[in-house]
Amino acid sequence: MVSPMYLIAVLLGAAFLHPLFERAGRSLAKSVVLLVLVFIAVLPVSWLADLTWRGMVPVVFQTAGFQAPVSISLRVGVEEAVFLIMINAAALFGGIYLMLRKSPKWEGKVQVLFLTMLLGVNGLVLTRDLFNMFVFLEISSISLYALLAFTRSSDAYEAGFKYMVAGGIASALFLIGVIYLYRFTGTLNLDVMIAAGGGPGGKAGLTALFLLAAAVLIELKPFPANGWGADAYQAADPGISAMLSAVSATGIFFVFYKITPLLGAEILRMAAISGGITFAFSQLLAMKQVSVRRMLGYSSIGQIGLLTAVAALAPMLTPAFSQAAGGSSLPGGLVAGSGFLGGGVFPLLVLLAGNHLFSKAGLFWMSGITGSVDTGGLPERASLRRSPAAAGLQGLLTAALAGFPPFPAFWAKWLLIMMLVSTGSYFLSAVILLGSLIEAWYLFRWFLNCVKKPQDSGNVHDEEIPDDFAAMEMDQEMSQELRPDLKSGGVPVSGWGFITLFAPLMHGLILAAAGTVLAFMFFAGTPGFALLLPLAALALFTLLDSVRVPFKLQVFLGIAVTAAYGLMLLPGLVGIRLVFGLIFIAGSAVQMVPLVNRKGRHPGLMGMLTALVFSLGNLLFFRTSLEFFFSWELMTVTSFFLVSRGNKASGAALRYLVFSLGGAFMILAGLALSSSGMNGGITAVLMGLGFLVKMGALGLHIWLPGSYAETDDDLSTFFSSVLSKAGLFMLFMTAGLLAQASFASVLGWIGVLTAFAGAFLALFKEDIKYTLAYSSMGQVGYMLLSFALMSQLGWMNSLYLAVTHLLFKGMMFAAIAGVIYRTKTRMMYQMGGLISRMPISFFTVLIGIIALSGVPPLVGFGAKWMLYTALIEKGWYLQAGIAMFASGVAFLYLFRLIHVIFLGQLKDEHREVKEAPLWFLVPQFVGIIGIMLFSMFPDIILKPLQTAVAPFFSGDIFWEGYTVISTLGYWNGNVVMYVTMGVFLVPLAWLLTVQRRHTQKVGQFNIVYAAERPYRPETTHFGYNFFSPYRKALGFLLQPAAARFWYWVGSIAEVAGASIRKLYSGNVQTYSLWIVLYVSIFLLLLQGGV
Amino acid sequence: MMTQIVLLIGFLLSLTGLWGLMTRRDLFRMIISFSLLDTGVHMIMVGIGYVKNGTAPIFDEALAPAGAVEKVVDPIPSALVLTAIVIGLAVTALMLSYAVRVYTARKSLSVEAVKELRW
């Protein structure tokens, strides 16, 4: 094994000789630095290879020819090697980032400081000598103080000064602690101390250890003694902030990890509490930040707090790892004392630390590359949207930091929560999940602000009625004059090339590769690794994007791979899973067709979409809870990126993400409780709530209208007709848990109220997409209600609704997307009379609303028949009444839909409108054929559904030919169809033949005919506020109680963040006071024996 | 007795330094307080390493290798103090230079001038 002395010697030598190299040439000096960085990144890799494949044992290298304790010893074990690989890799790319940057230049002095800082951190990781630790700590700190000032701004000097004061206090504590430890144990060598059975005993010994621990903890920036840390992150150059977070903080964390065996249970418990508090409060603080780097800084502080807590809890968690080995939730390699990195808590720390280090450094660099200073976003000319590569990269790094699959933090989060819950640490688990949720919130808010379009206010959650007289546009023009960054004369950033993005790109690749390897490890037993197909699809389409394959071709390929995936997967499924398989896969494949109509390039779209469809598909055949959760989270993150592409969708996308992630965390908590043997009510409530969030149940629905409606028109249909069923599917899968806990009637009430609220809210919308979005919410309510019946007919109806809703909502969204595409507006009152211009779309919508409203003869009637039969059989009369009322309301908005858009007066500007493009019509034809088929011959679908629910319920219903017979009556779809068609066709024929003589063709503006003056302003249009009488009567029900409640929840978090922020007055003496108080309270609690 | 006095003075000096660091409004006074804190810590270290009536740990006529352990002052704390002094010097120098830079930029040495970064 190569001696670690080389590492130190090379860094030190390069730093000292640097001025000489520089004299020979700037490029030479830079090349030498680069070589050194490569060397220090590669050397630990060779150690790891020695230690694992070549089976060497960890080596303690002695210095100066003496043995410890006389000499300083450097240890190279797996732990040191792994941490140094990560730290030095980040340092290598950090150096490359600084080198590739045009301004400010990477000066020679800064290169020297960079090397000495690395020397300090490498030494910190390697050394086993406490005093030597102090020396390396000071070397890295002094280099960092100097690096902070490298921008030469007065802010940087201020931050450096504060940092030095805090560092000075920590050093004093460290020195006193070390000298007392030396006094008590007679050695400075960590190994000797640990071998002697940990630290010295007694109160004095405990105090000495405490001083040491407190010094290291302060260096790790615990709440509230960390204001100086946040200041440093904010003021430093992004390249230096990245190193502060990734290199220095990780190195000092390793010091803490190293001394944990010495510290004893009391100090560790306090450290764990301190870490947990730091994590939670840092997230609250980060949420309120305006400065991007300060926000990222708080996030770093929080993550390091989490790492500290986990490392301090190691003694408690290690047994949990051993126990979990018996269960299926843990891959063999993670069992304590075996396999991957020695198993136990250490791999968890590596995942957490590595994920944070690479993603955070990447994000700091991104903020530097894009010039993002303000969390409110970027000036339009520099928007990330202009560079798909940069946007994708920032999205990837953000997703990694937020812990989405497949990135390392996802697995870490899973392991950590499983282990914490199994040891009964419910409170800490809740704090970690809540903190992670807040972290995802503000990180993605920043991301969305960087990619959003100029017309997006970031706060669109409901329809926006345009002003009559286009006053807004004038304002915008004026504001453009005033804002130089918006002026067309400004030089737009044309995008960032491969070279500029190199460093963050490398980190993104490392994270993605590590995530993929982890997925292979965790799913080692899964045949074919089908779970990774979404990622493969994403990679494939990203590759196609990068070689500029035309979008139309990508869509066809997407449809093809989806079909292939379906052909591969669906034959293996039976029962309920097969039903949902058809919805997810076949439904998606058909609805991809309208995308062919798009022009231009749409990087990332097909990748995300196919990944979404595949992860939905993967939900169908999960066997372990981890497989399920992996696909679930993947579905969430891919669908989030799809929503965020909308023109004004950034606000809605953020809500969607926060609610989905909140739901996912509840599910995770439920899964963890269930795997630790608690299958009681709380588990059911948590998981049920998680699924209800995804379905958009009343109260949890406020994310739904915005995300369905503000998504691109041709993508909305996926959310409404496909994605909303994922929650339903999981309810079916966990029905045992829910039924057993007797939540059925609660679910039923939620379902019926959702159905009512959805219909009622849809009634008053002018924006057609919001109408359809709320309509979907109502329909899902019916599915939930039917599911909650827990009877044969109920379940059949729920599945039947799921299938038919896919058909009619899919085709209606396609038709409406076509209408919007042609008319360029979403406001219904700005349309009218389109029947003559877009007859096919009219016919689709007509069929759709008949099917949806539940009047004979189409499929909706069957659904209503089954629903009311099942409700009455169950004795839920009140629910039946409300459901019926909701259907009436639904009919009203559907009537409005077809009336205002297709009937009445044709608008001047739509006189030349053509029928929607063929690609929009394809899904409509499929939907119409499906609906007609299922309406005529209900047995084609109902019999398979009956078989699907047969394993759960014995039969109450029977078949006679086409007739279904229940305990209450019968339904023959075939006859109903003939009768209705007869009732419809006979008068129609009569009108067309006999009555034709009495009709008279009139012009459109014949007032007698029209009963309307089609002048502006548009808002006097009859279609505007169509149901105003109902609004007057029932408008009080429209109070956005749910939105207000969630706003209130959000405000509490924000107010908390804003109040805590006041602790950081900016005064260095206040900061010192917090440090002193932190140490004193820590000591008091410790001496008090807490 | 001597050890106790050194330790006492060391602690007093450190606390004085800490108090000064947290109460003086002038950056240079704060830096002087910081030096006091450092010096106090150094005295504590020396005090702990001191052995009553011990001699310097250098082998010469006065000190034979045999039985030296009983007679000499433990050299390690002294070595540590030397290192710590050097490091403290470096930090103090850097602090002073930053104070100068802050003064150049903000025309004030008051601690109130260095609270642009906050919250």
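Select Val964(A) together with Trp971(A): in this predicted model, Trp971(A) of strand E5 of chain A is the bridge partner of Val964(A). Extend the selection to the whole of strand E4, residues 963–965 of chain A, and to E5(A), and you will have two antiparallel strands joined by three bridges.

Adding strand E3 of chain A completes an open sheet of three strands, whose order is E3-E4-E5 and whose pairing is antiparallel. Strand E3 (958–960) and strand E5 (970–972) of chain A each have a single partner strand and stand at the edges, so that one side of each is left without a neighbour in the sheet. If you look along the sheet, the neighbouring strands are turned by 20° against each other on average, when direction is ignored.

Next, colour chain A by domain, using residues 1–152 for domain 1, 526–627 for domain 2 and 742–1038 for domain 3. Between the C-alpha centres of domain 1 and domain 3 of chain A there is a distance of 68 Å.

Now go to Leu148(A), which, when residues up to four places away in sequence are not counted, touches Ala156(A), Ala159(A), Gly160(A), Tyr163(A), Ala232(A), Ala235(A), Ala236(A) and Ile240(A). Leu148(A) is also one of the residues that touch the most other members of the largest nonpolar core, a group that includes Ala90(A), Leu212(A), Val310(A) and Leu349(A) as well, in a core of 434 residues. To display the largest share of this core, select helix H10 of chain A, residues 238–287, from which 28 of the core residues come.

Show chain B beside chain A for the next stop, where 36 residues of chain A are in contact with 32 residues of chain B. On the side of chain A that touches chain B, helix H5 (130–148), helix H6 (154–185), helix H9 (227–235) and helix H41 (1068–1087) of chain A each supply at least two residues. Which helix should be selected for the largest share of that side? The helix to select is H6(A), which contributes 17 residues. Colouring that side of chain A by class gives 21 nonpolar, nine polar and six charged residues.

Finish in chain B at Pro75(B), which has its place in helix H4, residues 75–106 of chain B. Is Pro75(B) buried or exposed? Pro75(B) counts as exposed, because it has 12 C-beta neighbours inside 10 Å, and a residue with 12 or fewer is classed in that way. For a last distance, pick the C-alpha atoms of Pro75(B) and Gly49(B), which are 26 residues apart along the chain and are separated by 7.5 Å.

Notes
Residues are numbered from 1 along each chain as its sequence is written. Chains are lettered from A and ligands numbered from 1 in the order in which they are written. This is a predicted model: local features need pLDDT of at least 70, side-chain atom pairs count only at pLDDT 80 or more; totals for chains, interfaces and linings use all residues. A nonpolar core is a set of buried Ala, Val, Leu, Ile, Met, Phe, Trp, Tyr and Cys residues joined through C-beta atoms within 7 Å. A residue is buried if 20 or more other C-beta atoms lie within 10 Å of its own, exposed if 12 or fewer, and partly exposed in between; C-beta atoms are placed from the backbone. Helices (H or I, at least four residues) and strands (E, at least two) are DSSP runs, numbered from the N terminus. Two residues are in contact if their C-beta atoms, placed from the backbone, lie within 7 Å. Two strands pair if DSSP finds at least two bridges between them. Axes are lines fitted to C-alpha atoms, for helices over the stretch in contact, and angles run from 0 to 180 degrees between N-to-C directions. Ala, Val, Leu, Ile, Met, Phe, Trp, Tyr, Cys and Pro count as nonpolar, Asp, Glu, Lys and Arg as charged, and the others, Gly among them, as polar. Domain bounds come from an automatic or database domain assignment.
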